[in-house]
Amino acid sequence: MAALVSAFAPIWALTAVGWLAGRTGLLGADAEAVLGRFVFHVSMPAALFTVVARTDLASFADRWVLAFAAGTLAASALGLAAGPRAGRSAAEPRAGRSAAERTVAVMAAGYVNSGNLGIPVAAQVLGDASFAAPVLLFQVLLVTPVLLTVLDASTGTARPGRGARLRRLAMLPLRNPVILGAGLGALFSAEGWHLPGPLAHSADLLGAAAVPTALVTLGLSLHTPPGTAAQRPDRGELGVVVLVKTVGQPLAALAVGALLLHLRGPQLRAAVLMSALPTAQNVYVYARLYGAAPVLARSAVLASTVLSMLTLSVIAWSLGGG
């Protein structure tokens, strides 16, 4: 449990810094929007590029990744069907969700915090940080492009004609810096290329700012300016999404891994533990940038992070992982 507390502590500390900055007005009224754009357009692409470029793409071949992928698919499907109003605040009309809001609900239910939590959990609970690498690659190279494509298509201004949609889809990698950064990283990894020293160091510095800035941005979103009504998600829908994320996803990975793939030992523990990680703060960054269900995304990140400390401890103990 001490190892998990150590891994989670920076999340709470940096989120608290963001909340204090928002409450005191230290960074100005537009800080949340500016920092969110910085993370999405500058820092996160650099982080994804550097991580993917230095990761062996062959790690996809591990069988336990199939169990993790199955858990992700099951959780995403349940998130899609979480309810007709997910992503809206309690004060908003109880209407159906838009495609973009549904996509954010899917991410909140099935997109795990594989970076700043996956690595320490893998290292301290599984005893090998490399278990986090295929999860990161799976999400960055497969899940993220698909979901951001849906968000882009759902919130874009292109005409509904088939030709316009196809052109917008074809240009998405060039317009979306997150997909571009991950794609370039995969190309560098596959070809064995390396940036020159000064450029590599610059990319490292930019990428290192992604997680702390995203957490500060999340903290800023928790402060409601005076005179502004606080936005809260529908409790029932939030409860379903968080339950799916912290309980449903690891149970699905366990069922597929143990019963269908006959995994045992470290591989089964890795599939289940990585599936039990909380919702990534990236989900809030995406929701905020696309204007789709940011209240649900923010609340899911916070609630799942709290609950996952318990579920991760139970899983580690029951599967003999620590």
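Modeller: Before we begin, a residue is called buried when its relative accessible area is under 20%, exposed when that area is over 50%, and partly exposed in between. The structure we are discussing is a predicted model.

Biologist: Is Q249 buried or exposed, and at what relative accessibility?

Modeller: Q249 is a residue of helix α11. Because buried means under 20% relative accessible area, the value computed for Q249 places this residue in the buried class, at a relative accessibility of 0%.

Biologist: With the side chain of which residue does the side chain of Q249 make a polar contact?

Modeller: If neighbours within four places in sequence are left aside, the residues in contact with Q249 include F68, G71, A75, A109, G110, V112, V244 and S275, and T72 is also on that list. The polar contact from the side chain of Q249 has a distance of 3.3 Å, and the partner is the side chain of T72.

Biologist: At which residue does α11 bend?

Modeller: Helix α11 runs through residues 235-260, which makes 26 residues, and from first C-alpha to last it reaches 35 Å, close to the 38 Å expected at 1.5 Å a residue. The helix nevertheless has a bend of about 40 degrees, and the residue at which α11 bends is V244.

Biologist: At the start of α11, a side-chain oxygen of which residue reaches to the backbone nitrogen of G236?

Modeller: Helix α11 begins at residue 235. The approach to the backbone nitrogen of G236 is to within 3.0 Å, and the side-chain oxygen that makes this approach belongs to D234.

Biologist: Which residue with a positive phi follows α11?

Modeller: The residue in question has a phi of about 55 degrees although it is not a glycine, and it is found in the loop between α11 and α12 (265-275). At 53% relative accessibility it counts as exposed. The residue that follows α11 with this positive phi is H262.

Biologist: Is A293, which also has a section of its own in our notes, buried or exposed?

Modeller: A293 has its place in the loop between α13 and α14 (294-318), and its phi is near 50 degrees, a positive value in a residue other than glycine. Its relative accessibility is 3%, so A293 counts as buried.

Biologist: How many salt bridges does the count come to?

Modeller: Side chains of opposite charge can pair when their charged atoms come close. The cut-off applied here is a side-chain nitrogen of Lys or Arg within 4 Å of a carboxyl oxygen of Asp or Glu. By this rule the number of salt bridges is two.

Biologist: With which residue does R288 form a salt bridge?

Modeller: R288 is partly exposed, with a relative accessible area of 30%. Its closest N and O atoms to the partner are 2.9 Å apart, and that partner is E32. Because R288 lies in helix α13 (residues 281-290) and its partner in helix α2 (residues 31-53), the salt bridge ties together parts that are 256 residues apart in sequence, the partner being E32.

Biologist: With which residue does R54 form a salt bridge?

Modeller: R54 counts as exposed at 56% relative accessibility, whereas its partner is partly exposed, with a relative accessible area of 29%. The closest N and O atoms of this salt bridge are 3.0 Å apart, and the partner is D204. R54 lies in the loop between α2 and α3 (64-80) and the partner in helix α9 (residues 197-208), so the pair ties together parts that are 150 residues apart in sequence, with R54 joined to D204.

Biologist: The backbone oxygen of which residue lies 2.8 Å from a polar atom of the side chain of T103?

Modeller: T103 is found in helix α4 (residues 99-110) and is buried, with a relative accessible area of 6%. Not counting residues up to four places away in sequence, T103 touches L147, V150 and L151. The backbone oxygen at 2.8 Å from its side chain is that of A99.

Biologist: What percentage of the residues of the chain count as buried?

Modeller: The chain has 14 helices and zero strands, and among its contacts between residues at least 6 apart in sequence, 82% join residues at least 24 apart. Its accessible surface comes to about 14,400 Å², of which 67% belongs to carbon and sulfur atoms. Of the 322 residues, the share that counts as buried is 50%.

Conventions: Residues are numbered from 1 along each chain as its sequence is written. This is a predicted model: local features need pLDDT of at least 70, side-chain atom pairs count only at pLDDT 80 or more; totals for chains, interfaces and linings use all residues. Side-chain values use heavy atoms; hydrogens and water are left out. Helices (H or I, at least four residues) and strands (E, at least two) are DSSP runs, numbered from the N terminus. The expected span of a helix is 1.5 Å times one less than its number of residues. The bend at a residue is the angle between axes fitted to the seven residues ending there and the seven starting there. A polar contact is a pair of N or O atoms within 3.5 Å; within protein, one must be able to donate a hydrogen and the other to accept it, and residues adjacent in sequence count only if both atoms are side-chain atoms. Buried means under 20% relative accessible area, exposed over 50%, partly exposed in between (1.4 Å probe, protein chains only). Contact means heavy atoms within 4.5 Å. Accessible areas come from the Shrake-Rupley method with a 1.4 Å probe; for residues, only the protein chains shown count as cover.
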